[in-house]
Amino acid sequence: EGERERERESMAVPNPGLDRVRLTDEIVESLKRGRVFSRAGPGLDTTTENLTGQVNSLGFSDDGTRLIASADNDRLAVYDVLGGKVHEHHKTGGCRAATYVPPNSNAALYISKGGQCIVHLDIATSTQNNFYVGADTSAVASGQVSAKTTFWKNLFEYPRERDEDAFTSLTVHGTGRYFLTVGRGLTKLVRLWETHGKRRSFAHLKIQTESFPTATFDPSGLVFAVAYQERPHGQCIKFFDMRKYSDGPFLCGYFASDRNPAWLSFSSNGKYVMWTTAEELTENEHATVLRVCDARTLWETRKVVAYAQGETWAKESIQPEAGFTRDSNYFFCGHADTNIRFWPVEPSAQKSTQVKDADTTIGGVLESPVATLAGHALASNCVKWNPVYPILASACQNIILWRPDHPSCFSVPPEAPQPP
């Protein structure tokens, strides 16, 4: 029993107690554009300093002072959140997604441009420490071929259109010891990896899914969740125990929908889990639907129809990112119409309209958001809430840092640097 408890403590993510600011409708409505990092910022050479192309991922460091971003060019950019400037950049050869590795901001993981490999990057020295490959893992595990050799082989020998086993997204465990990857190619695999130890170059666990999956860790670090579309049941979400994931899921939930879920995420307090779905209303109208469930029972507590788009959106198949605020009182979502919208987690008494359709009834509530942020020229695909400060980062081709214009939002502790 003592050994099991020690194992549990090693898996658990320490809670620093960062619930400093309790957001209200007034605070959320006061969010204003702060610093904007544009493709051609004043005094910056876009070939060396700024990202070019559509930004495909954003990630904050644990202390909230750094923001890492990747785009369709060959660089990763790191921004100073409090100083409002470009901190540094790293040449990567192109990447699909990038994120920090806790508990500090000295290391990052990014997916290579072809999606065939994940690279562990030391930000301080700009060196690539380890490589995680999706193909030929048996040869890597047996020691016949190194992960680095397989990475360069994949990079130069595989054509760019090869997407059978490609990685598309990754999520890092709160301790930085593990991470999850999602493959949305022909294999449709969710993999669990380790960043330390002898087994770090090949996946510990592979979960085969019927459709394109999405996966994430819960804030405690003891559970990870996988969601996908499973016929004939509809959407399913499954919870796995990190200490005995080989036993299979310990909790499953099913929801009526024939569409793939996306952007699975937990609230910071661990009470709620949310994902988005692109649902069809009519032949030419679609909607982004956000489902919020109780994380203990997987009972649906909220189902909000975020926005109804037209035929252009349906052809582009854009699924913008969604998430929770740090205090878990609000959830938000980007949109193809360039705006970002916020809703309260607890149902409000404001006026709402029920959505009905003769062919496909998705239910839910077409509810007016408590706040709508406008400032992007293109679809706001990436949105992230800072884990420490009341700051929102969003991106299309430009990156915007949003700050509330409210005096109660910057009561940070003495040990943290004061925002400008």
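A disulfide is counted here when two cysteine sulfur atoms lie within 2.5 Å of each other. By this rule, the count for the protein comes to 0 disulfides. The structure is a predicted model. The protein has 420 residues, of which 55% are buried, and its secondary structure comprises 5 helices and 30 strands.

**Overall composition and surface**

- The protein contains 30 strands and 5 helices.
- Buried residues account for 55% of the 420 residues.
- The exposed area is about 18,500 Å², and carbon and sulfur atoms supply 48% of this area.
- Considering contacts between residues at least 6 apart in sequence, 49% join residues that are at least 24 apart.

**Cysteines**

- A disulfide is a covalent bond between the sulfur atoms of two cysteines.
- The count of disulfides in the protein is 0 under the distance rule.
- Cys293 is buried, with a relative accessible area of 0%.
- Cys333 is likewise buried, and its relative accessible area is 0%.
- Because a residue counts as buried under 20% relative accessible area, the value of 0% places Cys293 in that class, and the value of 0% does so for Cys333.

**Arg291 in strand E20**

- Arg291 belongs to strand E20, which covers residues 286-294.
- Arg291 has a relative accessible area of 3% and is therefore buried, the limit for this class being under 20%.
- The side chain of Arg291 forms a polar contact with the side chain of Glu300 at 2.9 Å.
- A polar contact at 3.3 Å links the side chain of Arg291 to the side chain of Gln235.
- Residues up to four places away in sequence being left out, Arg291 touches Gln235, Phe255, Ala256, Ser257, Val273, Met274, Trp275, Thr277, Glu279, Glu300, Arg302 and Lys303.

**Arg302 in strand E21**

- Arg302 lies in strand E21, which spans residues 300-309.
- With a relative accessible area of 7%, Arg302 is buried.
- The side chain of Arg302 reaches the backbone oxygen of Val345 at a distance of 3.4 Å.
- Arg302 and Pro347 are separated by 45 residues in sequence, while their C-alpha atoms are 7.4 Å apart in space.
- Neighbours within four places in sequence set aside, the contacts of Arg302 are Leu290, Arg291, Val292, Phe331, Trp343, Pro344, Val345, Glu346, Pro347 and Glu367.
- Arg291 is thus among the residues in contact with Arg302, and Arg302 appears among those that Arg291 touches.

**Sheet E10-E11-E12-E13**

- Strands E10, E11, E12 and E13 form an open sheet in the order E10-E11-E12-E13, with antiparallel pairing.
- Strand E10 (167-172) and strand E13 (205-208) are at the edges; each has a single partner strand, so one side of each is left without a neighbour in the sheet.
- On average, neighbouring strands of this sheet are turned by 20° against each other, direction ignored.
- E10 pairs with strand E11 (residues 178-183) in the antiparallel sense over 5 bridges, and Val172 stands opposite Phe179 in E11.
- The hairpin of E10 and E11 has 5 residues between the strands, and Gly176 takes a positive phi near 80° in this hairpin.
- Strand E12 (residues 189-194) and E13 pair over 4 bridges, also in the antiparallel sense.
- Across the pairing with E13, Leu189 stands opposite Gln208, and Leu192 stands opposite Leu205.
- E13 presents a covered face, formed by Leu205 and Ile207, and an uncovered face, formed by Lys206 and Gln208.
- Leu192 therefore faces, across the strands, a residue of E13 that belongs to its covered face.

**Sheet E1-E30-E29-E28**

- An open sheet of 4 strands has the order E1-E30-E29-E28, and its pairing is antiparallel.
- Strand E1 (31-37) and strand E28 (382-385) are the edge strands, and each pairs on one side only.
- Neighbouring strands of this sheet are turned by 20° against each other on average, direction ignored.
- Strand E29 (residues 392-395) pairs with strand E30 (residues 399-404) over 4 bridges in the antiparallel sense.
- The bridge partner of Ser394 is Ile400 in E30.

How values were computed. Residues numbered from 1 in each chain as written. Predicted model: local features only at pLDDT ≥ 70, side-chain atom pairs only at ≥ 80, totals over all residues. Heavy atoms only, no water. Helix = DSSP H or I, 4+ residues; strand = E, 2+ residues; numbered from the N terminus. Buried < 20%, exposed > 50% of the residue type's maximum accessible area, 1.4 Å probe, protein only. Polar contact = N/O pair within 3.5 Å; in protein donor to acceptor, adjacent residues only side chain to side chain. Contact = heavy atoms within 4.5 Å. Pairing = 2+ DSSP bridges. Axes fitted to C-alpha atoms, helices over the stretch in contact; angles between N-to-C directions. Areas by Shrake-Rupley, 256 points an atom, 1.4 Å probe, with all protein chains shown as cover.
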